[in-house]
Amino acid sequence: MGFLLSEEQQALRATARKFVQAELPIAHLRALRDSNDPVGFSRPIWKKMAALGLVGVAIPSEWGGQGLGYAECGLLVEECGHTLAPVPWLSTVALGANALLAGTESQRREVVPAIAAGEKIVALAFSGSVKANRRDGKFVLSGAMEFVFDGHAADLVIVIADVEEVGPTLFCVEPNTAGFARRRVALVDSRPVAHLQFEAVSVSAAAMLGEPGGGPRILETVLDCSRALLSAEMLGSIDEVFIRTVTYLKDRKQFGVPIGSFQALKHRAAQLFCEIELCRSIVLDALRALDDKRENAALLVSAAKARASDVFVQMVNEAVQMHGGIGVTDELDIGLFLKRAKVAATMLGSASFHRDRFARLSGY
Amino acid sequence: MADQETFRREIAGWLEQYCPATMRSPYRGEEEWVWGGKQATFWCDDARLWLQRMVARGLVAPAWPREFGGAGFSAEHASILDEEMKRLGCREPVRSLGLWMLGPVLLKFGSDEQKRAHLPPIARGEIRWCQGYSEPGAGSDLASLQTRAVLDGSEYVVNGQKVWTSYADKADWMFCLVRTDPHAAKHAGISFLLIDMATPGVTTRPIKLISGRSPFCETFFSDVRVPAQNLVGKSGDGWTIAKSLLEHERALMSRARDQNADEEGQLDDLARQYVGVSDGRILDAVLRDRITQINMDLLCNRLTMKRSAETVAAGWGSGPESSMFKYYGTELGKRRRELMVEIAGFRGLGWEDAEFSQRELSLTRNWLRSRASSIEGGTSEIQLNIIAKRVLGLPD
């Protein structure tokens, strides 16, 4: 697959853009933040998005989705990045639905169509330590998971737990199960994450997702798809901050001229432009590599996440500096992007984690 | 489409049959480049044979009309040839400023007479051209050039000096920017003139660089008489033509792609050799990270060139500007060369001593050579100015 968008892809992007701009402007995130909304995202808007087919873009059509690829899904989340839209696509679709698709027929049927319809929110918990002990044909989960995306609001939690002798295995946990507790943790970007507590949470053998000991293998694939998509979201945010900053350089006057006429700023803007174009290429290629099932997809995904993380942080830091005093006010949206940049750069592996992984996958 | 697939099969078959095996191996160094011209040298017989075979089919300039020595291919067929050559790893039969830069300009601005006289020898690799742009007082500010051409009957009399003329001492002809009207506005008084380097009054002097090599020359003109029919376009059109010519640097950029792909992975090979490996990993974790940064940048740069080429081919505009590739590619190349020398330690800093292998000695020289890359052909700062103005629309 090449880089150019087909007519269908352009139409999808236009639909996504229109929806995101209308329903999920930055004011939406601000409103949730300022009202201390306990959920941190809007279920009604998520359902509306689903009704337009935007939630299930990359979910296979037999499970209620559009059956398109990551390239298409990337177009949607890129638009979300433009407005810092707090929607649970990463937790529910990229991580959740993808993990569930590795499950049994009935596990898929039960949850995936409901995800595509915008009815179910799913979280995947993978950082922390949970043990699963066999007891009377069931599994008893004990331990804790932290910084789980949308974990406080999920209708279903998938957790990776260590099973004696067979190793890490995925389990589906209903949040109303006895012994399960959760609490939202506030992060600087106002987007929701949660800590999860498992105190002798008993689940049936049918709650196991994938093979016993098959957790890491499923997780590896699911994480890579999510990393590529998160990179696309970051790309959208990067573009937005760049556009706003270049506009400011043209509008803002000092010494009687637009500050964008000063070479000290011009050159930095031009350098950012180059960094962003390179970032765009690797993000688009990583998404396409996943769709094409290329052998080096994991390598490209790590390159994409590393670059998007670095460029996003560089872009927001430059944006704040170039905006001057107004850049550090809460009133200006740039600060929201600054906060998001640092969180997104930390999510799903930092730039240095991915550089190390890239090196390992390259054989050095 | 069926026609294109047939064409692709035919051309691939021809390349597989007639491209010698040595011409399908990666370049080992600049010594293996073939430049053609009257003083042409070939580093091996296969190189000569490959050029001859390509010339015979007009494939050196595939998209040029047959009457001018080309193959008369459509743009689609020419790009299929290009793709198949890349796929099969075929080397370019000849490197040529005439082919890449002057040819397209003559096809657009040249008279019929000029096309007939100059294009076929370029397509045959028989005439080597050099570019006379920079002057001692006109570097980044190219349009301030002072080399004068005064019309005297049916001839121009040229006086002045060019500098940084690549391989002027080995070139047969020069396409040159001269000032024909000293009273006109800065950009309007410039013309584009073709000068036979064998004309009395033309002298060249190689400039020795820090790398010890001399790819550039100073070129002096002292009452050089040039037939007036060697003026391309009209008097005063020079700046327009020069800008058009610079656009063809994109062709050069896309050619750089192969080389770029070859470069990915070289740093880690070098580190394995000079720094060492433990458990399959380069020993020094900090170095490993720095290598990865550059390898990732090379990868992203290559993908961006590919994306840009697709955008151009689809007629969706020029994509990210060529200035970006010039700026980013050369700065990246400098960082890469710097790190290569660092990885090899003292063995990457040898100078004309049998203690060192050829590869080690070229590490030193290529590092030094790379310092010029962000200066020649428009400095990095000029490229950033162009991006800021043309792409971002920032005010002067």
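Is Asp297(B) buried or exposed? In this predicted model, Asp297(B) is buried, at a relative accessible area of 8%. The carboxylate of Asp297(B) takes part in a salt bridge with Arg335(B), in which the closest N and O atoms lie 3.0 Å apart. This pairing connects distant parts of the chain, since Asp297(B) belongs to helix α9 of chain B and Arg335(B) to helix α10 of chain B, 38 residues apart. Arg335(B), for its part, is partly exposed, with a relative accessible area of 35%.

A second salt bridge in chain B joins Arg369(B) to Glu376(B), with 3.2 Å between the closest N and O atoms. Arg369(B) has a relative accessibility of 19% and therefore counts as buried, the limit being under 20%. Glu376(B), at 27%, counts as partly exposed. Over all chains, the number of salt bridges comes to 55. In general, side chains of opposite charge can pair when their charged atoms come close.

The fold of chain A was examined next. Chain A contains 11 helices and 10 strands. The radius of gyration of chain A is 21 Å, close to the 21 Å given by the globule rule for 364 residues, so chain A is as compact as a globular protein of that length. The C-alpha trace of chain A extends over about 80 × 45 × 40 Å along its principal axes. Of the 364 residues in chain A, 60% are buried. Among contacts in this chain between residues at least 6 apart in sequence, 72% bring together residues at least 24 apart.

One pair in chain A that is well separated in sequence is formed by Gln9(A) and Glu72(A), which lie 63 residues apart along the chain but have C-alpha atoms separated by 6.4 Å. Their side chains are joined by a polar contact of 2.8 Å. Gln9(A) is located in helix α1 of chain A, which covers residues 7–23, and is buried, with a relative accessible area of 6%.

Charged side chains in chain A also form a network of salt bridges, which links Arg30(A), Arg33(A), Asp34(A), Glu240(A), Arg244(A), Asp330(A) and Asp333(A). Within this network, Arg33(A) and Asp34(A) meet in a salt bridge at an N to O distance of 2.9 Å. Asp34(A) is exposed, at a relative accessible area of 52%, whereas Arg33(A) is partly exposed, at 21%.

The contact between the two chains involves 39 residues from chain B and 42 residues from chain A. Together, chain B and chain A bury about 3,500 Å², with 67% of this area on carbon and sulfur atoms. On the side of chain B, the residues that lose the most area to chain A are Met296(B), Arg307(B) and Leu392(B), which together account for 18% of what that side buries.

Polar and charged interactions also span this interface. There are 5 salt bridges between chain B and chain A, among them the pair Arg281(B) and Asp356(A), whose closest N and O atoms are 3.2 Å apart. In addition, 19 residue pairs are in polar contact between the chains, both partners being at pLDDT 80 or more. On chain B, at least two residues of the side touching chain A are supplied by each of α8 (266–274), β10 (281–282), α9 (285–313), α10 (322–344) and α12 (380–391). The largest share, 17 residues, comes from α9(B). By residue class, the side of chain B that touches chain A consists of 19 nonpolar, 9 polar and 11 charged residues.

Notes:
Residues numbered from 1 in each chain as written. Chains lettered and ligands numbered in written order. Predicted model: local features only at pLDDT ≥ 70, side-chain atom pairs only at ≥ 80, totals over all residues. Heavy atoms only, no water. Contact = heavy atoms within 4.5 Å. Buried area = accessible area lost by both parts, 1.4 Å probe. Salt bridge = Lys/Arg side-chain N within 4 Å of Asp/Glu carboxyl O. Polar contact = N/O pair within 3.5 Å; in protein donor to acceptor, adjacent residues only side chain to side chain. Helix = DSSP H or I, 4+ residues; strand = E, 2+ residues; numbered from the N terminus. Nonpolar A, V, L, I, M, F, W, Y, C, P; charged D, E, K, R; others polar. Rg over C-alpha atoms; globule rule 2.2 N^0.38 Å. Buried < 20%, exposed > 50% of the residue type's maximum accessible area, 1.4 Å probe, protein only.
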